[in-house]
Amino acid sequence: MPFIRILKPTVFFYTSHTEPGGTAPSDFGYTDSLGVFMQWVLTEWKAENPSAAVFQGTDREVLRIDNASQAHGMQELTFNPFSQKGDPDYGLLYIGYGDGGTAEKRFAAISNHQGAGIYSSILRIDPAGKDGVNGQYGIPKINPFAGIPGKAGEIMAYGFRNPNRIFWDEKGQLHATDIGQHSIEEINRIEPGKFYGWPIREGTFSINPFGSFRTLYPLPVDDSKYGASYPLIQLEHDETVAIIGGYIMPEGPLKGKFIFGDIPSGRLFFCRS
C-alpha cells in the first residue's frame, strides 16, 4: 500500500511488498527454529517529475523484515495527517506490523516480546534519518523506547495480532483496528509505549497462546501486573470476522462517528467516537 509525501518539487512515496524468505539479509528476524516464509520490504521512491506518465526517479530499500507465514505482515503505511511542520512527529512514517503468524505456529514469544522485538507492533520511523539498524532510516527521539537498552526504539505501541489500519480522530488521537483470531475484533486508542495484549489477550479476555485460541477465559484477578491496555471498542465474531477501516465522518448525519467495515461480509458499521 503506497503512501505519499511531497517535498516540492520532489515527491517521495512509500510502498511495501513481499519477497521469498532468504532473498536478502533481513534487518529484523528471529533466532528461533521457525522458518522464514517470506520477507516484507519497505521501499522509498523519489519521483523527480510527479506529472510524468512514466515514473522518473530513484528508489531505495528502507527496511526488510522476515515473516514466518503469508499472514499479518506489513500493513498500514501512513503519516499523521494532522501534523504540521515543526511538530514532533512531522514527517515520521507509521507502520502497522502484525505477528507474522508466529502465535498460530506456537512461537508466541516472538510476538510477546514486551517491546524487545518489532513484531505485533505499530512502528514509527524517520525515513530521512540514519540511526536505524541498517542506516536507512532514523529512530525518532519521541518514540517511547528510543535509546532504552534491550528495547526496539522503532516501536510506538505493541501487542497487536494484525494492526491493519491506523487512523487519527478529529482531535488528533491515534487509533488502530486489530483483526482477532477466533473471537474478538478490536478498535484501540493508541498511547505511546502501551501493550495491547496479544498474544495473551483477545479483547477483554485471556487466551492461552499454547492452547486453543477458540477458548476465552476471564481476566485474572492479578491482571494489572500484565500492563495490558484494552480496546476502545470490541466486537464478537457473530458481528464481524475481520475488521477493517476506522475513519471519522467529518460531516453529515454520521458526523463524528467511527466508520469501519468487515472484510468477509462487506458490511459497514458505525459507532460513537
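**Exercise 1. A salt bridge between two loops**

Task: E104 has a relative accessible area of 37%; which class does this put it in: buried, partly exposed or exposed? Then find which residue forms a salt bridge with E104.

Solution, using this predicted model:
- Step 1. Buried means under 20% and exposed means over 50%, with partly exposed in between. At 37%, E104 is therefore partly exposed.
- Step 2. The partner is R161, and the closest N and O atoms of the pair are 3.5 Å apart.
- Step 3. Now place both residues on the chain. R161 lies in the loop between strand 8 (155-158) and strand 9 (165-168), while E104 lies in the loop between strand 6 (93-97) and helix 1 (108-111). They are 57 residues apart, so the pair links distant parts of the chain.
- Step 4. Check R161 with the cut-off from step 1: its relative accessibility is 7%, so R161 counts as buried.

**Exercise 2. A small network**

Task: Which residues are joined into one network by salt bridges that share partners? Look also at how R64 and E61 meet.

Solution:
- Step 1. The network is made of E19, E61 and R64.
- Step 2. Within it, the side chains of R64 and E61 meet in a salt bridge, at 2.8 Å from N to O.
- Step 3. Compare their surroundings: R64 has 4% relative accessibility and counts as buried, whereas E61 has 34% and counts as partly exposed.

**Exercise 3. Linking two strands**

Task: How many salt bridges does a search of the whole structure find? As one example, say which residue R60 pairs with.

Solution:
- Step 1. The search finds seven salt bridges.
- Step 2. R60 forms a salt bridge with E44, and their closest N and O atoms are 2.8 Å apart.
- Step 3. R60 belongs to strand 4 (residues 57-67) and E44 to strand 3 (residues 38-47); the two residues are 16 residues apart.
- Step 4. E44 counts as buried, with 8% relative accessibility.

**Exercise 4. Reading a sheet**

Task: Strands 15, 16 and 17 form an open sheet; in what order do they lie, and is the pairing parallel or antiparallel? Which strands stand at the edges?

Solution:
- Step 1. The order is 15-16-17, and the pairing is antiparallel.
- Step 2. Strand 15 (243-248) and strand 17 (268-272) are at the edges. Each has a single partner strand, so one side of each is left without a neighbour in the sheet.
- Step 3. From one strand to the next, the twist averages 25°.
- Step 4. Zoom in on one pair: five bridges join strand 15 to strand 16 (residues 257-262). For G245, the bridge partner in strand 16 is F260.

How values were computed
Residues numbered from 1 in each chain as written. Predicted model: local features only at pLDDT ≥ 70, side-chain atom pairs only at ≥ 80, totals over all residues. Heavy atoms only, no water. Pairing = 2+ DSSP bridges. Helix = DSSP H or I, 4+ residues; strand = E, 2+ residues; numbered from the N terminus. Axes fitted to C-alpha atoms, helices over the stretch in contact; angles between N-to-C directions. Salt bridge = Lys/Arg side-chain N within 4 Å of Asp/Glu carboxyl O. Buried < 20%, exposed > 50% of the residue type's maximum accessible area, 1.4 Å probe, protein only.
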